[in-house]
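Here are my notes on this one, point by point. Have the model open while you read.

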Amino acid sequence: MGKEEPRIGVFVCYCGVNIGGVVNVPDVVKYAKTLPNVSYSEGNIYTCSEAGLASLKKAIKEHSLNRVIVASCTPRTHEPLFRSACREAGLNHYLFEMANIREQCSWVHAHRQEKATKKAKDIVRMAVARATWLEPHDEPELEIKDTSLVVGGGIAGMTAALTLADQGFKTYLVEKEPELGGNLRGLHKLYPTMQDTRDILEPIVKSVKANKLIEVLTSTLVSDVKGYVGNFKVTLSSNNEKKDVEVGTIIVACGAKNYTPPKGLYQYGVFPNIMTQLELDALLREEKIKKPPERVVMIQCVGARKGEIRAVDLAGFPKSDTARLLAKILKAKKEEGWPYCSKICCMNAIKNAILVKDKFPQTDVIILYGDVRVYKEYEDFYSMARESQVKFIKHIEEVTPEIAQEPEGKLTVTAYDALSGQELRLPCDWVVLSTPLIPHKEEVLLARMLKIPISSDGFLMEAHVKLRPVDTQTDGIFLAGAGSGPKDVPESIVSAKAAAARAGTLMANKKMRTEALTSVVDEDKCIGCGLCEEICTYGAHYLEDAKSHTIAALCRGCGACAAECPRRAISMQHFTDEQVLAMVKAALTEES
Amino acid sequence: MMQEAKVEAEFEPTILAFCCNWCSYAGADLAGTSRFEYPTNVRIIRVMCSGRLDPTFVLSAFRWGADGVLITGCHPGDCHYVQGNYMMERRFAFLKEALTHLGIEPERLKLEWISAGEGEKFAALIRDATQRIKQLGPNPLKAT
């Protein structure tokens, strides 16, 4: 508890009728006044309105409140607003607490008004118990180095590097292959403009190489990452040569790769003339087609949106804890297939169908699909394909089409028409498989080094799917391109520019404040067992002189160390044992 | 149904739910936004990660009279802090064992993974847990 006696103010929000229509707010306000350490309470029609906030700030001053509780909605949306109101009234914002009586009370108990009022009182009592133990905290300030590292030299990585350089930041661009360009190097033309990929790629590669602020490092991998936002120490390795760089921010643009079916899936690798869309792309680009095919059958969603993958290479994963859980995910993929839609395959198939038709107008092109997902302007692209006589047949996806070999290099695809339910036998020359975009295997190791969670689809996870799409959970590390999920070229560019803007903002400010949600070690209690160092995902604990220490900038505030410490020597600021236990006790004790 | 209504009149359990800030607490919020109704017996305590849960939080809850405790976190592989939920899973196995030795039915403690998008799952968990704990009756420690 702080040195001064807690003087808690409780502000109960009606939220119009959202809370007030179910919970008896005046009753809760009255009840709050009876709780220990509560000096003041009031009801507000909308606490978050200008009038509500003004009243809150006024009460803080008039009643010398040193703890504030707003009983209203969820802290996930409104905590920042009320925290800033507290700051404006001169109160440290870590002395603010929210009691969620809307999402977790009035909205789920609309027909049990009496019980909901009792529950709201309990929730307020729990918040009061916790608030009594709240402490003010300063947010540490960090210096941010004005150099960035971009991992991955595909279209996203190059765009991010160029955008950063345009803002005047020195940038290292690391690519594991000997050349820049990523997936685009293997592509022939791009939908929907049908531009030659080389015409797009070459000028970008040139300007990246010519830019004095960008240092390109090809055939190079990231082998170690230490440090934290503003001060990352990254080890890069190339042919056994190591190079250390110090950067303030990191953009991960590691991309995704086209899934190659295992031998035997749809007779791939067994019969000739069965290829992936990527292989057809290369065939069209190299103009090596000797004899125009009479018919081409394309099959969509091969190994995607359903379970038919049999081969995912698990070799090469270290056997540590994280790797084991990732291996679990990949094992599930092995059994179930990649469940998501890669969203580029429909357009890619349509593009290649049109290209085949352009080249060989006599060739019959059939696309067997479960669903065609063409959005925005791509609807026109689909119509264009239909006008050039590309045939779209919806087949019953649950029945895997069978492919048989016929004399003279011909093939027959047998599938079931979804509309008539009839068997379709399609003699053809080529079968083209549309396969999904999947994560690179190396991504797993990179994710571990950077402490970025991996989603159940196997891609790098953003900090918030809607609100923070290019941020990661690790401060100073941002995502660009298909590494966080399938993206086409414009989407990759958008995310790359967004990531560069986010990284640029940090570096331009030169300094940042981090949340005080960090662990603190009580050296008197610490016995130097090192368990915290062992379990910390972020490397935020280290032992020195047989005592554990926290590196605040690395600590993300999960609190696992506080839970594991056998001597209870670690305290998780703002979620201390006392604060949590006070809530537990208050929940179970009617009169505290 | 008649019998259930009778049981409800006799005993209203108090259940604590620990929710992680990123997934299950957001799932509980979504249940609210979606207006999925559930019984009023649960009191939610927010922590940043299920990995923060010290086993003593759970044991103290039972000692102070909780009739049930729910621990919720992000799905495997989705933890905001990479592996906090796995740490919780390990402690959960220990907690179940410890409860048995203390004479508390281990069914009073439940671990469930709930994502920010699973409001219905959260509501269903509360409905099921409330029903289940009503059948078990009050926390046996309360009688002593």
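1. First, a question on chain B: why is helix H2 (residues 24–33) of chain B largely enclosed by the rest of the structure? Eight of its ten residues are buried, so the helix ends up largely enclosed. Keep in mind that this is a predicted model.

2. If you want to click through the buried residues of H2(B), they are B:Ser24, B:Tyr25, B:Ala26, B:Gly27, B:Ala28, B:Asp29, B:Ala31 and B:Gly32. Just after H2(B), have a look at the backbone of B:Arg35, which takes a positive phi of about 60°.

3. Now the interface between the two chains. On the chain A side, 58 residues are in contact with 51 residues of chain B. The area buried between chain A and chain B comes to about 4800 Å², and carbon and sulfur atoms give 56% of that.

4. On the polar side of things, six salt bridges are counted between chain A and chain B. One to pull up is A:Asp577 with B:Arg52, where the closest N and O atoms are 2.7 Å apart. There are also 18 residue pairs in polar contact between these chains, counting pairs with both residues at pLDDT 80 or more.

5. Which elements give two or more residues to the side of chain A that touches chain B? They are helices H3 (75–88), H4 (102–106), H5 (113–132), H9 (321–336), H15 (560–564) and H16 (577–588) of chain A. H16(A) gives the most, with eight residues.

6. Last, the make-up of that surface: by class, the side of chain A that touches chain B has 28 nonpolar, 14 polar and 16 charged residues.

Methods
Residues are numbered from 1 along each chain as its sequence is written. Chains are lettered from A and ligands numbered from 1 in the order in which they are written. This is a predicted model: local features need pLDDT of at least 70, side-chain atom pairs count only at pLDDT 80 or more; totals for chains, interfaces and linings use all residues. Side-chain values use heavy atoms; hydrogens and water are left out. Contact means heavy atoms within 4.5 Å. Buried area is the accessible area (1.4 Å probe) that two parts lose on being put together, summed over both. A salt bridge is a side-chain nitrogen of Lys or Arg within 4 Å of a carboxyl oxygen of Asp or Glu. A polar contact is a pair of N or O atoms within 3.5 Å; within protein, one must be able to donate a hydrogen and the other to accept it, and residues adjacent in sequence count only if both atoms are side-chain atoms. Helices (H or I, at least four residues) and strands (E, at least two) are DSSP runs, numbered from the N terminus. Ala, Val, Leu, Ile, Met, Phe, Trp, Tyr, Cys and Pro count as nonpolar, Asp, Glu, Lys and Arg as charged, and the others, Gly among them, as polar. Buried means under 20% relative accessible area, exposed over 50%, partly exposed in between (1.4 Å probe, protein chains only).
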